[in-house]
Every structure is written in C-alpha cells, then in structure tokens.
Amino acid sequence: MIQASRYYQPSGVVGVVGLINMIVLGVSAAVVLGVIYGYAIFYIPFIYVSFVITLGFGAGVGYAVGLGGRLGKVRNAKVGYILGFLAGCLAEYIGWVSWLLAASDQEVLILNPKVMLDAIQMVAAEGAWSIFNWTPSGILLYLIWTVEAMMIIGVCTFLAGSMLSAKPFCESCNQWIKDKMTIAPLTPIGEPDHLKGLLEQRDFSALTALQKQPNGQTNSTTIDLVHCPICQRSHFLTVTSVEITDDSGKKEQTQQNVIVKNLILSAEEFEMLKNQWA
C-alpha cells in the first residue's frame, strides 16, 4: 500500500453543472466585489485598511468559486485552482475599471485593456494617493500595485482550490461528508512524526493513550472523526497538535500542526476511536 492510498484522495470528478456553478459564481463575485473594491480603495486611501480590504476581496471571490464547486460536487482541486486564478485575474481587472471610474468622478468607463494600461501609466506618473505627505509614484507605485494584484489573485486561487480538497466526499452517496465528531482537548503529543508513522501502520495505541484535559492548557491535541452516516462506508481521522505560545507577555498565539489529515479508517477503527473518550 502506497502512502497516498492511506489518505482521502478526491476522485477528480468535475461535471458540467459544477463547472457552470463555479464560473457563474466566480464571475458574479468578481464583478460585484470588484466594483465595491475599486470604489473602496479610492475613497479609503489608508494603507492598512486597504491591505485588509484587498485580502477580503481576494478571499470573497475565491470563496465564491469554491462554493460553486462545492454546490456542483466538484472533486478536483486543480480545476478549483485554475478557475480561482482566472476569477482572480478578472477581479483585478474589474477593480481597476471601478477605481478609474471613481477617479474620474464617474465620467470615464474604461473597458479596453490597452486604454486602461495607458490610463494606469498616467496615474503612476502623478501618484494615486499620499501618506504622511509622501506620494509614491513610478516604479515604487507599480511595485505596490503588483503586490496588491498578487494578493488578490493568490488568495483567490488558493481558497478556491483548497475548498475542493479540504472536505471528504462520499462517492457511494454522492455527497460531501458533513458528519464530524471533534474530541478535544487531549494531552499533547510528544513526537508528532513518530505518531504519524504509527497511525499509518494502523497502530493507534499512542493515540488512545492520550487523556482528556481541562480547557485552557498550553498545549493539546485535537482529534476529528469524520464519517458518512448514510452508507457507513467512509471513515476518516484527522489529528492536530495545538500549541499556545505567550510572545513575551503579548497576546497568546495559537499554532496548529496537522499530523494526519483524513487518514482512512475501517468501520471498526472508527468505532473504537469514537468510543475511546466517550
């Protein structure tokens, strides 16, 4: 048995309905959110706020593409990444159309890409906004715009693809598996790599040795048991190590390390783990 067969692997099924859903929702989100984004960036020229708005813009469009895939039962992350990338590019384009429209007091609607590039060059020469009496322009402004575009397209691409691979799909019942049982917090794991090797060899002794502990401990372990309640054929295990660190008296930070994700279980193994901490 190769290691990949021990874990859930999407079947790769796409389907016409799924593609249509992803395209329609992706284009709709890119247009609607692109208009909102362009105007928001123009009228709220604060760099920190703009950073959050830009991330939210990319995430919103990417989520729409991924949601279309989920609704259409697409089990192909590569298709999600491709359509997420294309939707991100369209979103960036619509954002520029809206920003230039806002900058012209709603007088100039530029849809031609070549004309748009000419307009962007004119804006770059003069600068688009100022901060602390400083107005970036030229190469520096192009660099800032490039980072913004990479954020939008990158977040959109990643989210759209990851949404189609994160949740297991039951091929027998033709539906996403939503039934999940979370067991936490458990005592922390000393050697994550060793535990992973044991679990892949179907040795659950180190996992079942973990004990429940009170909430609020520094380190802990979380176990997620996922299964299809209809056919009772699909069972999966995810184990996550949780570390909470105190950064020199500052706000505590939580770091999660996934040890195994959607490891395939037999019905007997699933029931054993389900009842272990009952």
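**A walk from the sheet to the cysteines**

Strands S4 and S5 (residues 235–246) run antiparallel to each other and are joined by nine bridges. Strands here are DSSP runs of E with at least two residues, helices are runs of H or I with at least four residues, and both are numbered from the N terminus. Two strands count as paired if DSSP finds at least two bridges between them. The model is predicted, and local features need pLDDT of at least 70, side-chain atom pairs count only at pLDDT 80 or more, while totals for chains, interfaces and linings use all residues. Residues are numbered from 1 along each chain as its sequence is written, and side-chain values use heavy atoms, with hydrogens and water left out.

Within the pairing of S4 and S5, Val226 stands opposite Phe236 in S5. S4 also pairs with strand S3 (residues 180–186), again in the antiparallel sense, over five bridges. There, Met181 faces Leu225 of S4. The wider picture is an open sheet of four strands in the order S3-S4-S5-S6, with antiparallel pairing. S3 and strand S6 (252–264) each have a single partner strand, so one side of each is left without a neighbour in the sheet. From one strand to the next, the twist averages 15°.

Strand S4 (residues 219–227) is mostly covered, with eight of its nine residues buried. Buried means under 20% relative accessible area, exposed means over 50%, and partly exposed lies in between (1.4 Å probe, protein chains only).

Two helices lie across the sheet strands. Helix H6 (residues 192–200) lies across S5 and S6, at about 20° to S6. Helix H8 (residues 267–276) lies across S3, S4, S5 and S6, at about 135° to S4. For these angles, axes are lines fitted to C-alpha atoms, for helices over the stretch in contact, and the angles run from 0 to 180 degrees between N-to-C directions.

The next stop is helix H3 (residues 77–103), which holds Ser98. Ser98 is buried, with a relative accessible area of 4%. Apart from neighbours within four places in sequence, Ser98 is in contact with Gly34, Val35, Gly38 and Tyr39, where contact means heavy atoms within 4.5 Å.

Tyr39 also belongs to an aromatic cluster, together with Phe42, Tyr43, Trp96, Trp99, Tyr142 and Trp145. Rings of Phe, Tyr and Trp (its six-membered ring) pair if their centres lie within 6.5 Å; planes under 30 degrees apart count as stacked, over 60 as edge-to-face and the rest as tilted. By this rule there are nine aromatic pairs. Phe42 and Tyr43 form one that is edge-to-face, 4.9 Å centre to centre with 90° between the planes. Tyr142 and Trp145 are also edge-to-face, because their centres are 5.8 Å apart and their planes stand at 80°. Both lie in helix H5 (residues 138–162), three residues apart, about one turn of the helix. Tyr142 is partly exposed at 35% relative accessibility, whereas Trp145 is buried at 10%.

The cysteines come last. A disulfide is a covalent bond between the sulfur atoms of two cysteines. Here it is taken as a pair of cysteine sulfur atoms within 2.5 Å, and the count comes to zero. Why does Cys170 form no bond with Cys231, the residue with the closest cysteine sulfur? The two sulfurs are 3.4 Å apart, which is too far for a bond. For Cys156, the closest cysteine sulfur is in Cys89, 8.7 Å away and also too far. Cys156 is buried, at 0% relative accessibility, and Cys170 is buried with a relative accessible area of 0%.
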